[in-house]
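Here's a set of exercises to work through with the model open in your viewer. Try each task before you read its solution.

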Amino acid sequence: MANEHYFSAEPESELKLRPLTVNLAGLPRTLTTAGGVFSPDRIDVGTQVLLANTPPPPPGGHLLDLGSGWGPIALTMALESPHATVWAVDVNERALDLVRRNAEALGLSNVNAVLPQDVPDDVIFMGIRSNPPIRVGKNVLHDMLLHWLPRLEAATDAWLVVQKNLGSDSLHRWMEGALPAGFTVTRAATNKGFRVLRVRRR
């Protein structure tokens, strides 16, 4: 649909499942994708840059993939940290359904694919990874980050990947001014036109 976005709650296009083989956590995996979600035909370049330029996630606790799409970040964290609980959060119901299908196909029981409002308020995260939906607009994006980043545990990190020409540097500056005291924002990597930003809670 011309007016359909990957951040639509319920895509209007017909659900047509299709297989996709990708490398996750160092091995080829055959997963399921469909139209009406972000980058259904491959792991998008931004997510590739994020996965290649971040350390392994913490081995336990709660981990968050904010804007999960069909799940490459959440599934990678779940594979690398089997004792952690991974929250794959998205507003797109089809994307969440695909994450659940893919987690089941990989034998992962530690993935919760849920809408934002379905994450319990008392869950605090040992790590956050996100390829955030920049195209939702600044106000929505800013509200999203101000809601989730303060839910980091002390001495833990969020890692965000943002395309340089879509405002990574201005977002960096905004986070430095808008996040509560005790947060630092640094540029961890630049590759293929993307910045990886590290948000540290001291």
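Two strands pair if DSSP finds at least two bridges between them, and strands (E, at least two residues) and helices (H or I, at least four) are DSSP runs, numbered from the N terminus. You're looking at a predicted model, where local features need pLDDT of at least 70, side-chain atom pairs count only at pLDDT 80 or more, and totals for chains, interfaces and linings use all residues. Residues are numbered from 1 along each chain as its sequence is written, and side-chain values use heavy atoms, with hydrogens and water left out.

**Exercise 1. The hairpin**

Work out in which sense strand 8 and strand 9 pair, and over how many bridges.

*Solution.*
- Start with the pairing: strand 8 and strand 9 run antiparallel, joined over 8 bridges.
- Next, pick out a facing pair: Val185 sits opposite Val199 of strand 9.
- Finish at the turn: 2 residues lie between the strands of this hairpin, and Lys192 takes a positive phi near 55 degrees.

**Exercise 2. The sheet**

Find the strand order of the open sheet, then say which strands stand at its edges.

*Solution.*
- Trace the order: 7 strands line up as 5-4-3-6-7-9-8, with mixed pairing.
- Now the edges: strand 5 and strand 8 (183–191) each have a single partner strand, so one side of each has no neighbour in the sheet.
- Add the twist, which averages 15 degrees from one strand to the next (axes are lines fitted to C-alpha atoms, for helices over the stretch in contact, and angles run from 0 to 180 degrees between N-to-C directions).
- Zoom in on one pair: strand 3 (residues 62–66) and strand 6 (residues 125–130) run parallel and are joined by 5 bridges. Asp65 has Arg129 in strand 6 as its bridge partner.
- Then look at what packs on the sheet: helix 2 touches strand 3, strand 4, strand 5 and strand 6 (contact means heavy atoms within 4.5 Å). The direction of helix 2 makes about 160 degrees with that of strand 3.

**Exercise 3. The nonpolar cores**

Which residues touch the most other members of the largest nonpolar core?

*Solution.*
- Set the terms. A nonpolar core is a set of buried Ala, Val, Leu, Ile, Met, Phe, Trp, Tyr and Cys residues joined through side-chain atoms within 4.5 Å. Buried means under 20% relative accessible area, exposed over 50%, and partly exposed in between (1.4 Å probe, protein chains only).
- Read off the members: this core has 33 residues, and Val22, Trp70, Val86, Val111 and Val196 touch the most others.
- See where they come from: elements that each supply at least two residues include strand 1 (18–24), helix 2 (72–80), helix 3 (93–105) and strand 7 (152–163).
- Check one member: leaving out residues up to four places away in sequence, Val111 touches Ala78, Val86, Ala88, Val99 and Ala103.
- Look for a separate cluster: another core, of 26 residues, lies apart from the largest one, with Phe125, Leu149, Leu152 and Val185 among its members.

**Exercise 4. Helix 1**

Which residues of helix 1 are buried?

*Solution.*
- List them: Gly46, Thr47, Val49 and Leu50.
- Look down the axis of helix 1: these buried residues fall within an arc of 160 degrees (taken over the directions from the helix axis to the C-beta atoms), so they line one face.
- Identify the neighbours: the buried residues of helix 1 pack against helix 2, strand 6, strand 7, strand 8 and strand 9.

**Exercise 5. Salt bridges**

How many salt bridges are there in the whole structure, and which residues are linked with Asp157 in a network?

*Solution.*
- Count: there are 6 (a salt bridge is a side-chain nitrogen of Lys or Arg within 4 Å of a carboxyl oxygen of Asp or Glu).
- Try Asp41 and Arg18, whose side chains meet at 2.9 Å, N to O. Asp41 lies in the loop between strand 2 (27–33) and helix 1, and Arg18 in strand 1, so this pair ties together parts 23 residues apart in sequence. Asp41 is exposed at 53% relative accessible area, while Arg18 is partly exposed at 30%.
- Move on to Asp157: the closest N and O atoms of Asp157 and Arg198 are 2.9 Å apart. Asp157 is in strand 7 and Arg198 in strand 9, 41 residues apart.
- Add Arg200, which forms a salt bridge with Asp157 at 2.8 Å, N to O.
- Put them together: Asp157, Arg198 and Arg200 are linked in a network of salt bridges.
- Compare exposure: Asp157 is buried at 12% relative accessibility, whereas Arg198 is partly exposed at 30% and Arg200 is partly exposed at 26%.
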